[in-house]
Amino acid sequence: MRMQPIFLALCAVSFLLLGYTFQLGRTYHLGSATGPDGEVVAVQSADGAGAPEGAFGWGLLGTHFVMGIASGIFVCFVHSIVLVYFLGTGKAIKEQMELQNWAEEPYERSRKIMGQSLMPATAGIVLVIIAAFSGGFSLIQVADPDVHMLIAACGIMGQIPVYARQWTLIRENGRLMDEVVERLGGDDIRIARRTSPPPN
């Protein structure tokens with residue numbers, strides 16, 4: 001099924017965004033310290049260079065903040081796409097059952113796979129939300145930046161088993177869809193053949 005390469009591409013992009021965001025935060029954290037009044041101040045290196053600037057002239061912290069929002073939204077988008085994929089294929093299988101008068105076994109398998117996909121998607125989204133909130137608390141100096149970095153690292157690494165589980169379910173669902181397509185007569189068909197009734 002085509003969803004497998006699409007999902008792998010989405011995972012790769014999400015890890016690139018998350019990794020870049022984490023590196024920006026790490027660079028900012030290593031290049032700053034807490035001043036006497038509790039404010040975060042930039043620390044110059046031994047050669048006199050200050051903390052590196054971020055992209056688009058936003059400064060390092062601004063770039064990290066924007067990239068954190070963008071990467072978080074993208075990861076949530078990936079998990080949402082997975083859920084929509086299972087909903088769509090499940091609906092297509094149900095329609096074929098009704099049109100072809102099949103037994104409910106394919107649809108029951110599809111529903112089971114779809115149900116199993118809810119937990120990983122929810123876990124992946126929750127991990128991103130916790131990482132984002134820890135960054136907000138770090139920004140307003142309620143939480144230590146080291147704690148945010150640790151939580152963010154766990155949130156990023158936690159996506160690996162989540163994506164792995166989703167990949168397994170997508171492959172299983174793909175095999176089910178291949179069975180349905182073969183049962184309908186081959187690849188040169190449309191999964192959903194439901195049309196409006198002809199006018200009287």
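**Burial first.** I call a residue buried when its relative accessible area is under 20%, exposed when it is over 50%, and partly exposed in between. I'm working on a predicted model here.

**Overall layout.** I looked up the secondary structure and got 4 helices and 2 strands for the protein chain. Along the sequence they run α-β-β-α-α-α. The chain has 200 residues, and 34% of them count as buried. I also pulled the accessible surface: about 12000 Å², with 64% of that belonging to carbon and sulfur atoms. For contacts with a separation of 6 or more, residues 24 or more positions apart account for 74%.

**Helix 1.** Which residues of helix 1 are buried? My list reads Met3, Gln4, Phe7, Leu10, Cys11, Ser14, Leu18, Thr21, Leu24 and Gly25. I then checked what covers them, and the cover includes helix 2 and helix 4. As background for reading that list, an α-helix has 3.6 residues a turn, so residues three or four places apart point the same way.

I ran a length check on helix 1 as well. Its 28 residues should span 40 Å at 1.5 Å a residue, and the end C-alpha atoms are 40 Å apart, so the two agree.

Gln4, in helix 1, got its own look. Its relative accessibility is 19%, so Gln4 falls on the buried side of the 20% cut-off. Leaving out residues up to four places away in sequence, I find Gln4 touching Trp167, Ile170 and Arg171.

**Helix 2.** Same length check: 42 residues at 1.5 Å each should give 62 Å, and the end C-alpha atoms of helix 2 are 60 Å apart, which agrees. Just after helix 2, I noted a positive phi of about 55 degrees at Asn101.

**Aromatic pairs.** How many aromatic pairs does the whole structure hold? My search came back with 4. One of them is Phe7 with Tyr163, an edge-to-face pair at 5.8 Å centre to centre with 85 degrees between the planes. This pair links distant parts of the chain, with Phe7 in helix 1 (residues 3–30) and Tyr163 in helix 4 (residues 145–184), 156 residues apart. Phe7 has a relative accessible area of 1%, so I logged Phe7 as buried. Tyr163 is buried too, at 4%.

Next I opened up Phe74 and Phe77, whose rings form a tilted pair, 5.9 Å centre to centre and 45 degrees between the planes. Why are Phe74 and Phe77 separated by about one helical turn? Because they are 3 residues apart in helix 2 (residues 59–100). Phe77 comes out partly exposed, with a relative accessible area of 42%.

I also traced how ring pairs join up: Phe7, Phe15 and Tyr163 are linked into a cluster.

**Core.** The largest nonpolar core has 25 residues. Phe7, Phe86, Ile93 and Ile170 are the ones with the most contacts inside it. Helix 1, helix 2, helix 3 (105–139) and helix 4 each supply at least two residues of this core.

I followed Phe86 further. Skipping its neighbours within four places in sequence, Phe86 is in contact with Ile113, Met114, Ser117, Leu169, Ile170 and Asn173. Ile170 thus turns up on the contact lists of Phe86 and Gln4.

**Backbone oddity at Gln141.** Most residues other than glycine have a negative phi. Gln141 is not a glycine, yet has a positive phi of about 65 degrees. I placed Gln141 in the loop between helix 3 and helix 4. Buried or exposed, or in between? Gln141 counts as partly exposed, since its relative accessibility is 44%.

**Cysteines.** I looked for disulfides and the structure holds 0. Cys11 is buried, with a relative accessible area of 7%, whereas Cys76 is partly exposed at 22%.

While on Cys76, I picked up a pairing with Val126: the two are 50 residues apart in sequence and 9.2 Å apart in space, C-alpha to C-alpha. Val126 sits in helix 3. At 39% relative accessibility, Val126 is partly exposed.

Note on methods:
Residues are numbered from 1 along each chain as its sequence is written. This is a predicted model: local features need pLDDT of at least 70, side-chain atom pairs count only at pLDDT 80 or more; totals for chains, interfaces and linings use all residues. Side-chain values use heavy atoms; hydrogens and water are left out. Rings of Phe, Tyr and Trp (its six-membered ring) pair if their centres lie within 6.5 Å; planes under 30 degrees apart count as stacked, over 60 as edge-to-face and the rest as tilted. Buried means under 20% relative accessible area, exposed over 50%, partly exposed in between (1.4 Å probe, protein chains only). A nonpolar core is a set of buried Ala, Val, Leu, Ile, Met, Phe, Trp, Tyr and Cys residues joined through side-chain atoms within 4.5 Å. Contact means heavy atoms within 4.5 Å. Accessible areas come from the Shrake-Rupley method with a 1.4 Å probe; for residues, only the protein chains shown count as cover. A disulfide is a pair of cysteine sulfur atoms within 2.5 Å. The expected span of a helix is 1.5 Å times one less than its number of residues.
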